[in-house]
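Biologist: Before we discuss this model, could you lay it out and explain how each label is earned?

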Amino acid sequence: MAFRFDDDYRPRLLALPALVRRGGGSPEGAAGALKGGRVEFRDHRPYVPGDDVRDLDWHGYLRLDQLLVKEYAKDEAPEIVIVLDRSASMGAEGSSKDRVVRELAGGLAYVALSSRCPVAIMVCAEGGPVTVGAWRSSRKVDQVLSMLEGLGDPDGTTYLGGLRHLRPPPPSGRVTFVLSDFLVDPLPAEVMVALGRGSGSGCLLHVVTDRERHPDLPEACTLVDPETRRRLVVPDGAALAVAYAEELAAHEDAVARLAGAHGLVATRVGDVDPFERTIVGVLAAKGARA
Amino acid sequence: MTFLRPEALLVLPALVALLLWARHRARRRPRPVTTWMLFARALERMPDVPTRRRPILRDLLRVLPAALVVVALARPTVKDREPHEVVVLLDASPSMETGGPDASRSIAARKAAEAMVSGRVRVVQVDGDLVGPAVDHLAEGQPVIVATDRPLDLPPGVGYVGVPGKEPNAGITSCGVGDDGRLLVRVAGVNLSGAVTVSVVGPPGIDPVTLAATELPWRRVFDLPADGFDRVTVRVEAAGDANPLDDVVVLSRSAGTLTAGFPARGYDALWRAFDAHPRVAVFRGDGPCDLRVGAGAGRARLRVFADLGSDPRPVAGTLVCQGTSLTGQLSLEGVHVAEPGSSWLARVGDADLVVRGPDGGLVLLQDPDRSSWPDHPSFPLLCAQMLTWLGLEGRSVLAPEGAVVLELEETVGPFLDAEIRQRPAVDREVEERAPLDPWVYGLAALLLVVFEVSAARARRP
């Protein structure tokens with residue numbers, strides 16, 4: 001069955017920007033993390049016929065007895081890129097892991113569009129990220145949701161490495177959000193470099209579901225990797241619980257260290273908290289770092 | 001505990017086999033896990049983890065609700081430990097009231113049935129089929145006794161109290177002289193095994209006739225000489241004959257005509273055949289029986305119809321018989337329509353029962369074979385009373401309107417002895433009326449709920 005957002009997702013999505021503005025951390029930082037699209041005063045110049053009379057500075061005229069026109073400089077909004085890991089380890093279509101990724105992607109996109117930031121959603125591929133949609137207006141939210149619903153079943157192996165082919169960020173800057181479980185060995189250090197290059201910045205959203213954190217494998221069984229189809233005979237799943245938990249913690253720390261080493265933000269997200277809380281937290285952390 | 005559908009339990013081994021197969025399949029079936037990489041790393045660090053299989057007890061517990069449903073489908077029941085209740089199906093037909101209110105066949109039969117068992121007794125009055133209800137009780141495992149005066153063929157296990165039995169009897173059912181001067185004799189018998197001898201004494205030249213019991217019923221017309229005798233005595237003799245009252249008919253000559261006379265009680269052969277002997281089969285005769293009764297000017301004919309053709313008319317009314325009101329209503333079927341000019345002598349309700357025909361003959365309109373009349377004592381008594389109503393003996397008993405009252409005569413013999421013919425099976429197991437399967441279903445449902453709740457709590461983070 002094709003993926004569909006829940007009926008209450010869209011109304012919650014529309015209320016998200018207000019939540020972000022009220023979000024934790026630094027409101028300016030949170031808002032500033034996705035700021036853009038404003039017009040700021042730059043200088044005065046003498047009035048010439050043809051100028052828009054609305055730009056006349058009447059205070060200046062009273063002081064200087066001279067007609068002056070205000071000049072403004074447009075502050076270009078940063079580009080927001082949301083990269084989705086669609087490898088098989090991201091869960092079957094409709095699973096909680098796949099759902100949380102789509103909800104977070106939709107939430108981040110809408111918050112960005114509400115802040116007048118252009119948004120592009122990409123999926124990882126072997127030759128590089130592939131853009132599946134780009135928008136500039138928050139009125140396009142339904143197109144965003146349709147695109148996210150139309151994404152196919154996560155399949156294949158992780159192509160995070162393709163992110164190194166990401167084009168350089170524009171002068172206005174770029175914030176790249178990567179939603180992945182980063183289950184790739186070794187971790188793609190070169191990707192981190194590409195994400196933080198130039199005026200770009202990045203935020204890694206490390207997706208780990210509650211079931212991945214607490215797997216229930218009480219007996220001897222055979223595990224298969226959904227990406228490579230390799231099999232692993234586990235003599236006793238319950239006996240491996242501690243070692244598994246340690247491996248998971250080590251993996252999370254490794255991702256966080258790698259991100260920090262390249263000036264990126266790494267945030268752990270799961271399927272327990274509602275997507276609003278996760279996004280507010282991510283943007284608060286991103287804003288604080290910004 | 002016993003099971004009404006034990007074949008359903010055959011599903012249990014299949015359930016266990018299915019469980020074992022599912023466990024084996026679950027172990028071998030590869031499970032996709034998204035964090036396979038982390039499991040591989042963990043196993044690399046701990047290569048000596050021994051193999052462990054899930055305890056089968058836990059799986060058996062999971063299968064337990066399904067197993068309980070299978071057990072419930074097998075309809076478990078618990079053996080009844082209460083004392084057996086014996087059902088006595090007491091024949092409620094009117095003939096069972098014979099003997100009067102204080103000592104009837106019904107009372108004698110009930111006492112005999114109750115004496116057969118030691119537990120609780122429940123008496124059920126049944127007017128009609130007794131075999132069917134007895135079979136039903138037997139099928140349900142409930143001890144049952146049938147008490148009746150009818151001969152029945154009951155299956156083994158059903159108790160049978162009879163009141164009374166039939167003893168051998170031979171009797172004269174018809175005896176009279178026709179208009180041609182010839183003597184008609186009819187003889188019938190029941191439960192006879194030996195020879196029957198019919199003798200005609202009086203007229204010269206008539207030898208006794210010896211018959212085999214299988215030749216009955218028997219009929220012969222004898223030629224009588226015109227004179228030379230004043231009395232004809234017809235006698236029937238048979239070994240083991242239990243009723244002597246229907247064995248002799250005396251015809252005496254009067255005014256040139258031979259008419260039937262009566263022995264000490266003044267009844268003719270037909271009445272004697274019906275006489276209430278305790279163990280005598282009742283003869284109806286083999287057709288319309290034309291009797292000439294009485295002597296002198298009071299002569300009258302009694303016609304009894306055994307077959308009234310195709311126009312029966314049921315009659316219902318209250319009848320007092322032998323001083324006892326018959327329970328319910330008397331059903332008289334096959335009632336003949338009286339000839340125009342008849343005057344009624346006895347009626348039931350507004351239907352004539354006995355009339356004096358236009359020729360002076362006495363006509364009984366009812367077919368005794370098609371009524372619920374207690375046949376053994378009452379019909380012959382009715383016949384006797386009808387003769388009395390003719391005024392032959394100076395007594396006239398007229399009933400109150402709407403009822404016929406018959407006086408209890410000593411002709412009602414001692415027929416109150418009940419006979420135990422078959423004992424009921426009272427040692428069979430009686431299964432509990434409320435089977436256990438509802439409880440088992442409930443337990444299965446409860447276990448399902450408990451498992452679901454525990455599983456939900458285990459899944460909760």
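Modeller: Let us begin between the chains, where the side chains of A:Asp185 and B:Arg41 meet in a salt bridge, at 3.7 Å from N to O. This is a predicted model, in which local features need pLDDT of at least 70 and side-chain atom pairs count only at pLDDT 80 or more, while totals for chains, interfaces and linings use all residues. Residues are numbered from 1 along each chain as its sequence is written, chains are lettered from A and ligands numbered from 1 in the order in which they are written, and side-chain values use heavy atoms, with hydrogens and water left out.

Biologist: What makes the pair A:Asp185 and B:Arg41 a salt bridge?

Modeller: The term requires a side-chain nitrogen of Lys or Arg within 4 Å of a carboxyl oxygen of Asp or Glu, and the N to O value for A:Asp185 and B:Arg41 is 3.7 Å, so the pair qualifies. Across the interface of chain A and chain B the rule finds three salt bridges.

Biologist: How many residues does each chain bring to the contact, and how much area do chain A and chain B bury between them?

Modeller: With contact taken as heavy atoms within 4.5 Å, chain A gives 36 residues and chain B gives 27 residues. The buried area, which is the accessible area (1.4 Å probe) that two parts lose on being put together, summed over both, comes to about 3,200 Å², 66% of it on carbon and sulfur atoms. On the side of chain A, the residues that lose the most area to chain B are A:Glu219, A:Tyr244 and A:Glu247, together 20% of what that side buries.

Biologist: Why is the pair of A:Phe3 and A:Phe5 called edge-to-face?

Modeller: Rings of Phe, Tyr and Trp (its six-membered ring) pair if their centres lie within 6.5 Å, and planes under 30 degrees apart count as stacked, over 60 as edge-to-face and the rest as tilted. By this rule the count comes to six aromatic pairs over all chains. The centres of A:Phe3 and A:Phe5 are 5.1 Å apart and their planes stand at 85°, so this pair is edge-to-face. For B:Trp218 and B:Phe222 the centres are 6.5 Å apart and the planes are at 55°, so that pair is tilted.

Biologist: How do you know that A:Phe3 and A:Phe5 are buried or exposed?

Modeller: Buried means under 20% relative accessible area, exposed over 50%, and partly exposed in between (1.4 Å probe, protein chains only). A:Phe3 has 2% and is therefore buried, and A:Phe5, with 9%, is buried as well. A:Phe3 and A:Phe5 also belong to a cluster that ring pairs form with A:Tyr9 and A:Phe275.

Biologist: What makes A:Arg102 a charge over the ring of A:Phe3?

Modeller: The rule asks for NZ of Lys or CZ of Arg within 6 Å of the ring centre and within 35 degrees of the ring normal; the charged end of A:Arg102 sits over the ring of A:Phe3, 4.3 Å from its centre.

Biologist: Why does A:Met192 count as buried, and which residues is A:Met192 in contact with?

Modeller: Its relative accessibility is 2%, so A:Met192 counts as buried. Leaving aside neighbours within four places in sequence, A:Met192 is in contact with A:Leu204, A:Leu258, A:His262 and A:Leu264. A:Met192 and A:His262 are 70 residues apart in sequence, yet 6.1 Å apart in space, C-alpha to C-alpha. Of the 290 residues of chain A, 50% count as buried.
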